[in-house]
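Hi,

Here is the structure I promised to pass on. Have a look at it first, and my notes on what turned up follow underneath.

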Amino acid sequence: MVPRSWLPRWRATEVEVDRNRAPNANLLGLLKYIQPQPSELSRATGHAQTVRNRLTGNFDIRKFTRIGSHQRGTAIRHYSDLDFIAVLARKEARWGRSTVASTTVLNRVRDDLIDRYTTTDIGRDKQAIVIGFSGGQSSMDVVPALFDSFSAGRPIYVIPDGVGGWRETSPESHDRYFASADERSVSKLRRTIQLLKWWKHSRTPTVPISSFYMEVVLASQGTCAGVMSYSQCLYQAFRTLSVRAGQGIRDPLGISGVIAAADTNAKLDSLRRALSYAEEHAAKAFDQERLGSGNRANDQWNMVFNGSF
């Protein structure tokens, strides 16, 4: 695991929160604040082009495309890396008639990028090469992949599984699945995910929960479908996640196996405590709002967001 100590940590000091304003209005204000900034995206996109040029010059790259939260519209400012999948030709991962360990491919890609970016922080985690441009203020993850097959018209790839093997995934299929759920919620689902990500990073320490896990769980449960406020959506999301208590979810598309919330028991324990606390205060906030006490509801949301609301 690459230490992320070089990544900056921020607080929402610029958010205009009025204790006497309706909680939903304050949540809308928070949503406005946490959107990715054009300057961030422009800088990251420029870096992505140079990474692509470097890799295509030294590997047989069949596809290099954006995936993850920026692709699904759930990214937030300062915290969401720009993620790419680099699909290599099979020969790049072959030794004789066998496919090499995914760690071998990760190391080869990492070492090649280190040779190119000699003054940039570059490492790898379990699945990706992590590049910290601008001292970590513009971070990018590159996931090496191999094309595997088509299933029901869907492209299936294999990516590192974190322990040297390979596991199946299909970013395009998962994007369509999430987009369909988000459409049923009139885009409230993806915005609720953004609020959850801000909650995740507002806590100390950061809540150890996979963003992909949150997206799949809430999309599969129809969260935010129907007419409801962001206060109700957020409470419903915390309730759903807290009831699961970090239990993994089997990929509803039948592609990626079981999707984990966190990768260690210690992280799962920390996650369960954070979700229990958030659900408790989100429920109180929603109750106070229904009773007409917007200021008390705002106080409860402020507790959920650790003073950054």
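Two residues are in contact here when they have heavy atoms within 4.5 Å of each other. Keep in mind as you read that this is a predicted model.

**Threonine 74 and the cavity**

I'd start with threonine 74, which sits in the loop between α3 (69-72) and β2 (82-88). Buried or exposed, though, for threonine 74? It counts as buried because its relative accessibility is 0%, and the cut-off for buried is under 20%. Leaving out residues up to four places away in sequence, threonine 74 touches Ser69, Phe178, Arg190, Ile193, Gln194, Lys197 and Glu215. With one of these, glutamate 215, threonine 74 makes a side-chain to side-chain polar contact of 2.6 Å. If you want a distance across the model, the C-alpha atoms of threonine 74 and aspartate 299 are separated by 26 Å, with their positions 225 residues apart along the chain.

Glu215 and Phe178 turn up again in the lining of the largest cavity, together with Arg72, His174, Tyr177, Phe212, Val216 and Ala219. Two elements give two or more residues to that lining, α5 (171-184) and α7 (211-220). Which of them gives the most? That is α7, with four residues. By class, the lining of the largest cavity has five nonpolar residues, one polar and two charged. The space inside comes to about 50 Å³, and the count of cavities of 30 Å³ or more is one.

**The second largest pocket**

You may want to look at the second largest pocket too, which has a volume of about 150 Å³. Its lining is made up of Trp199, Arg203, Thr204, Pro205, Val207, Pro208, Ser270, Arg273, Ala274 and Tyr277. Four of the lining residues come from α9, the largest share. Sorted by class, the lining of this pocket has six nonpolar, two polar and two charged residues.

**Helix α10**

In α10 (residues 294-304), the buried residues are Gly294, Ala297, Asn298, Gln300, Trp301 and Val304. These residues lie on the same side of α10, because they cover an arc of only 160 degrees around the axis. The spacing fits the usual rule: an α-helix has 3.6 residues a turn, so residues three or four places apart point the same way. What do the buried residues of α10 pack against? Their partners are α1 (23-34), α6 (188-202), α8 (230-244) and α9 (265-290). After α10 comes asparagine 306, which has a positive phi, near 60 degrees.

**Two more buried residues**

Serine 242 is in helix α8 and counts as buried, as its relative accessibility is 16%. Its contacts, again without residues up to four places away in sequence, are Leu275, Ser276 and Glu279. The side chains of serine 242 and glutamate 279 are joined by a polar contact of 2.9 Å.

Leucine 88 belongs to strand β2, and at 4% relative accessibility this leucine is buried as well. With the same sequence neighbours left out, leucine 88 touches Phe59, Asp60, Ile61, Arg62, Val105, Pro144, Ala145, Leu146 and Phe147. Leucine 28 is 60 residues from leucine 88 in sequence, and the two are 42 Å apart in space, C-alpha to C-alpha.

Cheers

Terms used:
Residues are numbered from 1 along each chain as its sequence is written. This is a predicted model: local features need pLDDT of at least 70, side-chain atom pairs count only at pLDDT 80 or more; totals for chains, interfaces and linings use all residues. Side-chain values use heavy atoms; hydrogens and water are left out. On a 1 Å grid over the protein atoms alone, a cavity is a set of points where a 1.4 Å probe fits but cannot get out, and a pocket is an open set with protein on both sides within 12 Å along at least five of seven lines; lining residues have an atom within 4 Å of a point. Grid points are joined across faces, edges and corners, and a volume is the space filled by probe spheres set on the points. Ala, Val, Leu, Ile, Met, Phe, Trp, Tyr, Cys and Pro count as nonpolar, Asp, Glu, Lys and Arg as charged, and the others, Gly among them, as polar. Buried means under 20% relative accessible area, exposed over 50%, partly exposed in between (1.4 Å probe, protein chains only). A polar contact is a pair of N or O atoms within 3.5 Å; within protein, one must be able to donate a hydrogen and the other to accept it, and residues adjacent in sequence count only if both atoms are side-chain atoms. The arc is that of the directions from the helix axis to the C-beta atoms.
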